[in-house]
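Reader: I have a model open and would like to ask how some of its labels are earned. Could you walk me through them?

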Amino acid sequence: MAIRTVSRTILYLLLIVLSLFYLMPVYVMLITSLKPLDQISLSEMWQLPQSLDLSNYQLAFEKLAPNLMNSIYLVIPATLLSALLGSLNGYVLSKWKFRGSDWIFTALLFGMFIPYQSILIPLIQFLREAGLYNTIPGLIFVHVVYGIPITTLMFRNFYASIPEEMIESAKIDGAGIFKIYQHIIIPLSITGFVVVGIWQFTNIWNEFLFAVTITTSSQQPIMVALQNLSGSQIVQWNVQMAGALLAALPTLLVYIFLGKFFVKGLLAGSVKG
Amino acid sequence: MEPKVLPSFQSGSSLAVSAKKRKKWNVDQWLSFAFILPSIIAVAVFVYGFIAWSGYVSLSNWNSLVPDLSFAGLKNYLFLFKDFRFQADLRNTLFFTLFFILAVLFMGLLLAVFLDQKIRGESLFRNIFFFPMALSFIVTGVIWQWLLNPATGVNLFLKKFGLDSLWYTSVTVIPGIQWSKIQFGIPVAVIAVVIAAAWQMTGFSVAMYLAGLRAIPEEIREAARMDGATEFQIYRKIIFPMVAPITVSVVIIMAHISLKIFDLIYAMTGPGANFVTDVPGVYMFETTFRGNYYANGAAISIIMLLSVAIFIVPYLISSRKGES
């Protein structure tokens, strides 16, 4: 029993040390963002601030606020639309399979793994032609289109767990494709919508490549603004850290409150089953 | 949601299925097809069509602001493979991918096994390892740029032990054998980026492995214990082989992330001195959208796509076959 106690103690010690490593960046981000500039010296990097100073947040917020709004205007419609589209596709590809539908599904899935660089040049040409370049609706469109594979995958897997008998007996009762969707699928989809919604919200909020290539200055979402903030030499570290925390806050809050669903999405998104 | 990862190849049932499905299409079946048609068209155009278009651009002379789609053959590809920067990118991607995957696998399995020991506060620990995944690569890049800045924090700590690291500002390549235009070897600066990337993505492999470990019935472990196996033996002989397919999935997902990585490196280090932290994603972005070398940029993107497709296409096909 002594050996067991010792090994349990070592296990907990290791876990605590590793946890501290994973938390360290957040700790440094927090304390740095709360310090005035004269306390950002090297020797004081790990020390708590002497007093709470929220002026960095004020400064970062002033710089990032318009972009924060852009991100909100982007992420809400894009998430809703791509979840709806994914639900519809998932419904058809799980409950109305036809010859070749599984291969269509596989061909769709390829779209979520591609490096988006490989479609970027034509995409920008297209958006310019369509008058959507450098607009939030343009970015929404892009995220909905390139969100099709992942949202379809998640909903298809989710609907696969709805028993076939339920659908069959509804058909025998005379229900058609719309009725079944409306009365059976949708009511059972709440968790699916939450998982997909959180997943798309997080991804679209955090996305950078489309954002930086499709929009300029006043239309840019938060992540591009944050990158510009840290790219410029004038802005100090404490303000950058405050900005990073502000930009990360929405997805962090979603994780803190709905983390279970986020992890579900994570597993569903990588795995077919 | 239990992951069924890369199910083994199964065949035989597909004939029966297709015979059953060759039934007449009724109105509802046509309607269902109409539902997904917009998505099929969108993906056909915006994924496959645009890839083809990029491929065409990569074979053209369009290397200025004015589109010039005259045929150039493989000129842009030949240029890249002789280009110092692109050679450096290939080297960096190779070592970044290798170390990143090893770090994510090792830490993921280690932490998953730890978390599986019926410990107290498991959900707290789990969340500590998972939360970085909810962050943007840009945020991660900004934080780690500051953490691993040679003039700051972690380094002061290491200096006390006599270690003086330049992290991502180092231009050292170990061992630095001259190969074509570049020094081949492990760029020290890449290690710094690997640490940041692994910090963010370990949670993924922890989640995958943990789900795999939880799916193994307790009876199997019990039976092994009855036969006198030690805990260590149980893991080595029974549990690790059972979660091996998860490793395949994690490797493929991580490899494709690392082959197309852009934002983390762009935010954290940029191309670096002598391009020690440059990757194709960053090169493509800068040469296309800052330098207007569209054909070169398209060629880089097609090479990126092919490198990802090598992993992803067999993965998709095998999981498709396993499912039916």
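Reader: Let me start with a single residue: in which helix of chain A does A:Ser230 lie?

Author: Happy to help, and please keep in mind that this is a predicted model. A:Ser230 belongs to helix 10 of chain A, which covers residues 222-231.

Reader: Why is A:Ser230 called buried?

Author: The label needs a relative accessible area under 20%. A:Ser230 has 8%, so it is buried.

Reader: What does A:Ser230 touch, apart from its neighbours within four places in sequence?

Author: Its contacts are A:Gln240, B:Val142 and B:Gln145. To count as a contact, heavy atoms must come within 4.5 Å.

Reader: And how far apart are A:Ser230 and A:Trp103 in sequence and in space?

Author: They are separated by 127 residues in sequence and by 45 Å in space, taken from C-alpha to C-alpha.

Reader: Let me turn to chain B: what makes B:Trp144 buried?

Author: Its relative accessibility is 1%, and the limit is under 20%, so B:Trp144 counts as buried. You will find B:Trp144 in helix 6 of chain B, residues 137-147.

Reader: Which residues does B:Trp144 touch, not counting residues up to four places away in sequence?

Author: From chain A there are A:Phe21, A:Met24 and A:Pro25. The contacts in chain B include B:Tyr168, B:Ile195, B:Trp199 and B:Met268. As for B:Ala267, it is 123 residues from B:Trp144 in sequence, with 9.5 Å between their C-alpha atoms.

Reader: How do you know that A:Asn238 is buried?

Author: By the same kind of test: A:Asn238 has 3% relative accessibility, and under 20% is what the word requires, so it counts as buried. A:Asn238 lies in helix 11 of chain A. Leaving out residues up to four places away in sequence, A:Asn238 touches several residues, among them A:Thr32, A:Pro36, A:Ile40 and A:Asn56.

Reader: Now for whole chains. How many helices and strands does chain A have?

Author: Chain A has 11 helices and zero strands. Read from the N terminus, its elements are α-α-α-α-α-α-α-α-α-α-α.

Reader: Why is chain A called more spread out than a compact globule?

Author: For 273 residues the globule rule gives 19 Å, while the radius of gyration of chain A is 23 Å, well over that value, so chain A is more spread out than a compact globule. Along the principal axes, the C-alpha atoms of chain A fill a box of roughly 75 × 70 × 30 Å.

Reader: What share of each chain is buried?

Author: In chain A, 58% of the 273 residues count as buried. In chain B, buried residues make up 55% of 324. Chain B has 13 helices and two strands.

Reader: What part of the contacts comes from residues 24 or more positions apart?

Author: Among contacts with a separation of 6 or more, such pairs account for 73% in chain A and 68% in chain B.

Reader: How much area does each chain expose?

Author: Chain A exposes about 11,400 Å², with 69% supplied by carbon and sulfur atoms. For chain B the area is about 14,400 Å², and carbon and sulfur atoms supply 69% of it.

Reader: What makes an empty space a cavity, and how many are there of 30 Å³ or more?

Author: A 1.4 Å probe must fit but be unable to get out. By this rule there are three cavities of 30 Å³ or more. The largest cavity has a volume of about 1,100 Å³. It is lined by 37 residues, and A:Tyr116, A:Trp199, A:Asn203, B:Ile257 and B:Lys260 are the closest to its centre. Helix 8 of chain A gives the largest share of that lining, six residues. By class, the lining has 23 nonpolar, 11 polar and three charged residues.

Reader: And what lines the second largest pocket?

Author: A pocket, by contrast, is an open set. The second largest pocket has a volume of about 900 Å³ and 28 lining residues, with A:Leu11, B:Val113, B:Gln117, B:Glu231 and B:Tyr235 nearest its centre. Helix 1 of chain A gives the most to this lining, seven residues. The classes here are 16 nonpolar, two polar and 10 charged residues.

Key:
Residues are numbered from 1 along each chain as its sequence is written. Chains are lettered from A and ligands numbered from 1 in the order in which they are written. This is a predicted model: local features need pLDDT of at least 70, side-chain atom pairs count only at pLDDT 80 or more; totals for chains, interfaces and linings use all residues. Side-chain values use heavy atoms; hydrogens and water are left out. On a 1 Å grid over the protein atoms alone, a cavity is a set of points where a 1.4 Å probe fits but cannot get out, and a pocket is an open set with protein on both sides within 12 Å along at least five of seven lines; lining residues have an atom within 4 Å of a point. Grid points are joined across faces, edges and corners, and a volume is the space filled by probe spheres set on the points. Helices (H or I, at least four residues) and strands (E, at least two) are DSSP runs, numbered from the N terminus. Ala, Val, Leu, Ile, Met, Phe, Trp, Tyr, Cys and Pro count as nonpolar, Asp, Glu, Lys and Arg as charged, and the others, Gly among them, as polar. The radius of gyration is taken over C-alpha atoms; the globule rule is 2.2 Å times the number of residues to the power 0.38. Buried means under 20% relative accessible area, exposed over 50%, partly exposed in between (1.4 Å probe, protein chains only). Accessible areas come from the Shrake-Rupley method with a 1.4 Å probe; for residues, only the protein chains shown count as cover.
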